[in-house]
Structure formats: C-alpha cells, structure tokens
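Biologist: Could you take me through this structure step by step, with the reasoning spelled out for someone in a first year of study?

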Amino acid sequence: MKRALGAGAVLLLLLSACGSGGSEERPARHPGVRSDFDGDGYGDLVVGDTTATVNGKYAAGFAAVLRGSARGPRSGKPQVVTQNDLGLGKAGEGGYFGSPATSVTADLDGDGRADFVTQAGRNTIFVVWGSDKGLTGAAAARLTGSAPLAGDVDGDGHTDLVVGMGVGMGKDNAVRVLLGPFSRKGTPRRTVPLDLTPSDPRYAVGVPAALGDVTGDGKDDLLVSWSILADYAPVARATVVYRGTADGKLVKGPRLAAGFYGSTLRTADVNHDGYADVVAGLPCEMLGDTMVPEGGSRLMVLYGGTLKTSRFTEDTAGLPVKGPFQPCTFGSAPAVGDLDGDGYADVAFSVRPRTGPEEVILLRGSAGGLTTEGARSVPGGSAELLDTDGRRPAELVVTGQEGIEVWRGGSRLLSFKETDLDLGPEISRAGNGLWLVG
C-alpha cells in the first residue's frame, strides 16, 4: 500500500484531536497524541481527496498518511489507503472515502495507537486500525452509521463514538452512542440509542456537532446544532448541550446563549479553567443560495462552566489582518490547539481580504478568554493545529500558495507542494486544488 512521492496533486485534509480541553486540576483523559497511528509519540498528518478516481470509480476517494517526526511530517513514502485496500467491499462511485467532514482519529481499542475512522457512502463507517507500522488496510472494521464524533461520554477513559443512524433515510434525528473500548471487529462494549429531535418545533433536525467536557465533570458532552432545512440540508440556528453520564445515556441539557451557533463547532480549553470551551465559526449560511448570516460573519466562543460568550467580527479591534473582507470568509474553518505551550488553547481561522490573498489569523487563549493581544497571521487558506513532533506546543499546518506549510512558533518548519505526491496508477485526480480541514 505504500507509494512513493513524485508528480501528482492532492486535495488535503488534516485530522487532529477534537474534544475537551484539560487543566492541572482536570487532566486530559486521552493521553498521547490523538493522530499518532504508529505509537511513536509523533502526530501523523492525513491527506486525501474525496473526488479522486480509484480503479476507474470516480469520487471513490483515498487517505494518505504522512508520518510525524521530530522535524514535523515526513513528506516521503506516505501510506495510502483506499476502501479497496480494506477487504470489506469495493469502492463505488461517489463513496467519498476519507471525507474530512466525516472522519476522526481516536484510539478505539485502547492499544495506545490512534485509529482512522471515516465514512464512505451514505451510512457506512470504516475503522482502519493503527499499528506499529502505522495504518494498514489489512486491519479494518466496518460499522453502520454516519458522521462519527469521538470522545469519552461516560468518563471511563475509553474512547466512545457518536454516529448518525441514517441522515436522509428517515432517521435524521436518531444517533447511536457506541461505548468503548471496541474489539478489532468494530464491536463496541455497549450501544445506547439517542433521539435528538428538537423540542422547539421551529427546528427540523438536531445535528451532532462536537464533543467536549463543557460541564467540567470528567465526561464529554455532546453539542447538538438545532437546524432548519434548506434544500434538504441542515442550517444551524441554535446549540443545545446533551450531558455525558456514567452509563452513556446522554441527558438533554440547556440550550446555549441565543445567537450562539455555527456551521463549524470545535471544543478546547481556551481559558485553562478545566472546562471545554466551544468555538463556533459562522462565515456564511446556505439557504438555497450562499448568504451572509444575520449580524454578519463571525467567530464566537462560549466558555464552559460560565456559559458566557465572546464574539469576533471583521470590526474587532486588534486583528492582525485588516478588512474589509470578502463576504462569507471571516471565521471560516476554525481550528483549535495550544500553539505556544502555555496551557491555553489558541484558535486559527481563515479570512480573505477584498484586496489581498487569503490569510490565517491566530488568536491566543488566555485566562480572560480568547484575545487579540499578541494575535498574528500567516499566509494561507484553511488551517489546522497538530502536534506532529511530540512536543507540547502544536504546529500550525496551512494551505499556502506553495502547497502545504508547517509552522512552529513564528518560523516555517517545512513545506511541500501538491505536485510532490504520486499516488500510483490506480488513483487519478482532476486537480481540484488544496483543502485542509480538521
């Protein structure tokens, strides 16, 4: 399954830890680097293209792993995995294996190595198990479900999954909580059904959006986006917390502050108080057509414990990139992680000025919450924060004009172009450009 680097192109996604923040009072429950597939202590970088043609099947998709090292990701000899490599059914057209929107990394079986969990088709999830050799298609399991989220909802130290039961198949509000640890056949310790039907009739569906310990009780909570439907697609309009419990039966909690919702939700401890905070990016809404949301594009943070919020827009003072910005770009694709190793999670998101190229803005976490003090920017489009070298501070990985760039501190650590990736004769691409998604 290994293929050498050479000519070619790749649409990129990057998978890193999603979930709760920790503190000295409440240590993180998931030790190790969440995307470390081979257990060497270095996070690995996953790249892929869901529109790639595999053995003549358009949009079958692939995932390729660039292993982490003391110098960041190694750009040579990636491990490439397609659905065909798993021995669990051949890839079909439009399978979109490895989609960043429906993929997570987490240690499901408790062996100390991360596993790659990804959807293909409408209602199939594949688990590619980590090993001392990294991801190997020979070790995989198949589950029924969609859009997996990974966390620890019962607080027992084992990774659990929350999966949909068939969006668009008459089960839009039904999910399953799969409690770990998992067997190598993909069987969870126990399964708990959950109905997310909104209690407010103004909203059609409840969409699982993120997991994190917002209540600070040692169990991850489920953030659910109450959504309207536009052209059969959910459009978030409110956020509700379902509290984690010791038996895995999540309990519906409060609806969060009015106006707090986003097309993307991420969780991390921004103010280092032991509670997971929720970062919401809302650059745009899709209501048949692309529309700037009421109140404008924005990035918001809701702080766990207090449930207070802060809001950032293009008019916020102290931003390192000056507006005005092109519509529907401010607050796009937020990523979270501790860039400077001070214990406070930082936030990166992309913007596009009206008169310049895309930039990634970095806002620092602090005891007072997310702040523009010390904010900086780097050229690039989408971004992710990932510990690829085993050190405590995360690296910043961005899509840049030269391809993919990895930054440590204020210095560019390395870069590689999409033309550096040769995926072998069975995989071909249309050259749709680079994307980087957490």
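Biologist: How many residues does the largest nonpolar core have?
Modeller: Keep in mind that this is a predicted model. Within the largest nonpolar core, the residues with the most contacts include L299, F330 and F349. Its full count of residues is 20.

Biologist: Which element gives the most to this core?
Modeller: The elements that give two or more residues to the core are β21 (298-302), β24 (346-351) and β25 (359-364). With three residues, the one that gives the most is β24.

Biologist: Is R266 buried or exposed?
Modeller: R266 is found in strand β17, which covers residues 264-268. Buried means under 20% relative accessible area. Because the relative accessibility of R266 is 9%, this residue counts as buried.

Biologist: With the side chain of which residue does the side chain of R266 make a polar contact?
Modeller: A polar atom of the R266 side chain lies 3.2 Å from the backbone oxygen of P334, but that partner atom belongs to the backbone. The side-chain partner, in a polar contact at 3.4 Å, is E384.

Biologist: Which backbone nitrogen does the side chain of D277 reach at 2.8 Å?
Modeller: D277 has its place in strand β18 (residues 277-282), and because its relative accessibility is 0%, D277 counts as buried. Leaving aside neighbours within four places in sequence, D277 is in contact with several residues, among them R266, V301, Y303 and G304. The backbone nitrogen that its side chain reaches at 2.8 Å is that of G304.

Notes:
Residues numbered from 1 in each chain as written. Predicted model: local features only at pLDDT ≥ 70, side-chain atom pairs only at ≥ 80, totals over all residues. Heavy atoms only, no water. Helix = DSSP H or I, 4+ residues; strand = E, 2+ residues; numbered from the N terminus. Buried < 20%, exposed > 50% of the residue type's maximum accessible area, 1.4 Å probe, protein only. Polar contact = N/O pair within 3.5 Å; in protein donor to acceptor, adjacent residues only side chain to side chain. Core = buried A, V, L, I, M, F, W, Y, C linked by side-chain atoms within 4.5 Å. Contact = heavy atoms within 4.5 Å.
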